Amino acid sequence: MPNSLIIAIDGPSGSGKSSVSRAVATELGLDYLDTGSMYRAMTWFIQNLGIDVTDAESVATAAKAEVIQPSIDPSEPGIRVSGRDVSMEIRGPEVTQGVSAVSAVPAVRELMVNLQREIAAKSQTGIVVEGRDICAVVLPQAPVKLFITADPQARANRRAKENGAEVSSTKDDLAKRDLADSTRTISPLEVAPGARVIDTTHMELSEVIAQVVDLARAAHG
């Protein structure tokens with residue numbers, strides 16, 4: 001694949017976009033960037049400083065893009081904060097509860113979007129970038145733009161299985177996150193113009209991967 005290939009993938013939690021994105025990047029020999037982990041890492045950083053995530057002014061003052069160091073290797077995804085591997089810590093409940101508030105701070109989004117664009121521009125292989133505002137805001141000129149989704153029950157089942165959690169509480173948590181992401185003023189979760197919607201509710205992972213790979217190859221002849 002040529003190094004101009006950028007695959008931008010948006011979608012809500014539990015839709016399968018992370019698994020699809022990593023697998024597609026691996027199959028096509030591309031880099032992979034999980035932008036959601038970047039916001040989680042920033043949230044961990046803010047919380048570790050003892051700052052209230054709802055104090056937008058303090059969050060904005062403390063946020064520093066250079067502390068966030070994501071891996072772009074689909075075979076070894078992860079993220080560091082100031083050199084410390086926090087790949088596990090950012091998946092904990094405290095970060096999960098705080099990430100929507102931190103993500104909504106305009107200064108944080110500006111820092112992260114600039115960093116995400118920089119990483120994509122420097123990719124030597126082409127890159128799959130996934131998150132919630134990639135198609136509309138971060139990389140609107142990407143030749144392949146997708147919105148991967150699934151119905152709430154399917155998403156809750158998948159996420160609960162991943163985390164070993166209870167399905168009903170997971171569904172409630174996802175609903176709260178969806179509401180926060182879709183109603184925030186800055187870069188809300190939405191289907192971007194030109195993005196193709198893929199509903200994975202009744203699809204096997206392998207089917208979704210194959211469809212995205214076909215779309216990517218078609219986009220580049």
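This is a short talk about the two sheets, the helix that packs on them, and the pocket and cavity of a predicted model.

Hello everyone, and thanks for coming. First, some housekeeping. Because the model is predicted, local features need pLDDT of at least 70 and side-chain atom pairs count only at pLDDT 80 or more, while totals for chains, interfaces and linings use all residues. Residues are numbered from 1 along each chain as its sequence is written, and side-chain values use heavy atoms, with hydrogens and water left out.

Let's start with the five-stranded sheet. It is open, its strand order is 2-6-1-7-8, and the pairing is parallel. When I say helix or strand, I mean a DSSP run numbered from the N terminus, H or I over at least four residues for a helix and E over at least two for a strand. Two strands pair if DSSP finds at least two bridges between them. At the edges sit strand 2 (31-34) and strand 8 (196-199), each pairing on one side only. On average, neighbouring strands here are turned by 20 degrees against each other, direction ignored. For angles, axes are lines fitted to C-alpha atoms, over the stretch in contact for helices, and the angles between N-to-C directions run from 0 to 180 degrees.

Now let's walk across the sheet. Strand 2 runs parallel to strand 6, joined by four bridges, and L33 stands opposite V129 of strand 6. Next, strand 6 (residues 127-131) is joined to strand 1 (residues 6-10) by five bridges, again in parallel; here I6 has I127 as its bridge partner. Strand 1 then pairs with strand 7 in the parallel sense over four bridges, with I7 opposite V144. Finally, strand 7 and strand 8 are parallel over four bridges, and L146 has R196 of strand 8 as its bridge partner.

How many residues of strand 6 are buried? Five of the five are, so strand 6 is largely enclosed by the rest of the structure. Buried here means under 20% relative accessible area, exposed means over 50%, and partly exposed lies in between, using a 1.4 Å probe and protein chains only. I127, V129 and G131 point one way from strand 6, V128 and E130 point the other way, and all are buried. Strand 7 (residues 144-149) is mostly covered too, with six of its six residues buried. There, V144, L146 and I148 face one way, and K145, F147 and T149 the other.

On to the second sheet, which is open, has three strands in the order 3-4-5, and pairs antiparallel. Its edge strands are strand 3 (68-70) and strand 5 (84-85), each with pairing on one side only. Three bridges hold the antiparallel pairing of strand 3 with strand 4 (residues 79-81), and P70 has I79 as its bridge partner in strand 4.

Helix 2 deserves a moment of its own. Helix 2 (residues 35-48) packs on the five-stranded sheet, touching strand 2 and strand 6, and its direction makes about 45 degrees with that of strand 2. Helix 2 also lies across strand 3, strand 4 and strand 5, at about 25 degrees to strand 4. Contact means heavy atoms within 4.5 Å. One residue of helix 2 is Q47, which is buried, with a relative accessible area of 18%. Leaving out residues up to four places away in sequence, Q47 touches V53, E94, V95 and G98.

Last, the spaces. On a 1 Å grid over the protein atoms alone, a cavity is a set of points where a 1.4 Å probe fits but cannot get out; a pocket is an open set with protein on both sides within 12 Å along at least five of seven lines; and lining residues have an atom within 4 Å of a point. Points are joined across faces, edges and corners, and a volume is the space filled by probe spheres set on them.

The largest pocket has a volume of about 1500 Å³. Its lining holds 48 residues, and R40, R91, R159, E162 and N163 lie nearest the centre. Helix 8 gives the largest share, seven residues. By type, the pocket lining divides into 15 nonpolar, 19 polar and 14 charged, where Ala, Val, Leu, Ile, Met, Phe, Trp, Tyr, Cys and Pro count as nonpolar, Asp, Glu, Lys and Arg as charged, and the others, including Gly, as polar.

As for cavities, a search of the whole structure finds one of 30 Å³ or more. The largest cavity has a volume of about 80 Å³, and helix 2 gives the most to its lining, with three residues. That lining divides into one nonpolar, four polar and six charged residues. Thanks for listening!
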